[in-house]
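Reader: Hello! I have a structure to go through, and I would enjoy a close look at one part of it. Could you walk me through how the helices pack?

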Amino acid sequence: MSSHKPVPQVFDGVSTEDVPSAGFGWSRISHTGVQIAGWVSVVFLLAYNFGNHHGHVETIWLVSFAVLIAIGLVLLALSPKLSQVRTLTARNQPVGYISPDWVYDQKTVSEAYSELT
């Protein structure tokens with residue numbers, strides 16, 4: 001009997017079972033790209049201050065958004081670069097991992113159940 005379920009693939013360490021669009025490369029976001037886009041946005045927001053507006057309401061909003069984005073970018077740049085996987089699912093196992101048969105082990109009092117006191 002054949003199954004019509006697609007075989008999961010792994011792209012950049014992300015399985016298509018966890019993220020169906022992993023093959024398109026959208027699962028990983030480059031910190032360098034975020035930093036570049038963020039600082040360009042900060043420069044554009046500050047450049048909008050040199051316009052034809054007469055009040056200071058626009059200036060307050062533009063500067064506050066630019067400062068908020070800049071703080072977020074600095075925090076992102078200073079955050080620790082951890083290499084551990086931050087999500088835990090049943091599919092995040094090394095290649096070749098075989099899950100123990102816990103029911104069989106419990107019935108036969110073997111493996112981890114043989115060490116219980």
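**The helix pair**

Author: Helix 1 and helix 2 cross in a left-handed sense. Happily, there is plenty to say about this pair, with the reminder that the model is predicted. Helix 1 covers residues 31–47 and helix 2 covers residues 57–78; their axes lie 9 Å apart and meet at an angle of about 160 degrees. Because angles over 145 degrees count as roughly antiparallel, helix 1 is roughly antiparallel to helix 2.

Now for the residues that make the contact. Helix 1 contributes His31, Val34, Gln35, Gly38, Trp39, Val42, Leu45 and Leu46. From helix 2 come Leu62, Val63, Phe65, Ala66, Ile69, Ala70, Leu73, Val74, Leu76 and Ala77. Sorted by class, this contact holds 15 nonpolar residues and 3 polar ones, with no charged residues.

Part of this pairing also appears in the largest nonpolar core, whose 6 residues are Val42, Leu45, Leu62, Ala66, Ala70 and Leu73. Helix 1 and helix 2 are the elements that give two or more residues to this core, and helix 2 supplies the largest share, 4 residues. As general background, nonpolar side chains in soluble globular proteins tend to be buried together.

If you would like one residue to zoom in on, try Ala70, a member of that core. Setting aside neighbours within four places in sequence, Ala70 is in contact with Trp39 and Val42. Both of those partners are listed among the helix 1 residues in the contact with helix 2, and Val42 belongs to the core as well.

Methods: Residues numbered from 1 in each chain as written. Predicted model: local features only at pLDDT ≥ 70, side-chain atom pairs only at ≥ 80, totals over all residues. Heavy atoms only, no water. Axes fitted to C-alpha atoms, helices over the stretch in contact; angles between N-to-C directions. Parallel < 35°, antiparallel > 145°, perpendicular 65-115°, else oblique. Left-handed = near helix turned anticlockwise from the far one by under 90°. Contact = heavy atoms within 4.5 Å. Nonpolar A, V, L, I, M, F, W, Y, C, P; charged D, E, K, R; others polar. Core = buried A, V, L, I, M, F, W, Y, C linked by side-chain atoms within 4.5 Å. Buried < 20%, exposed > 50% of the residue type's maximum accessible area, 1.4 Å probe, protein only.
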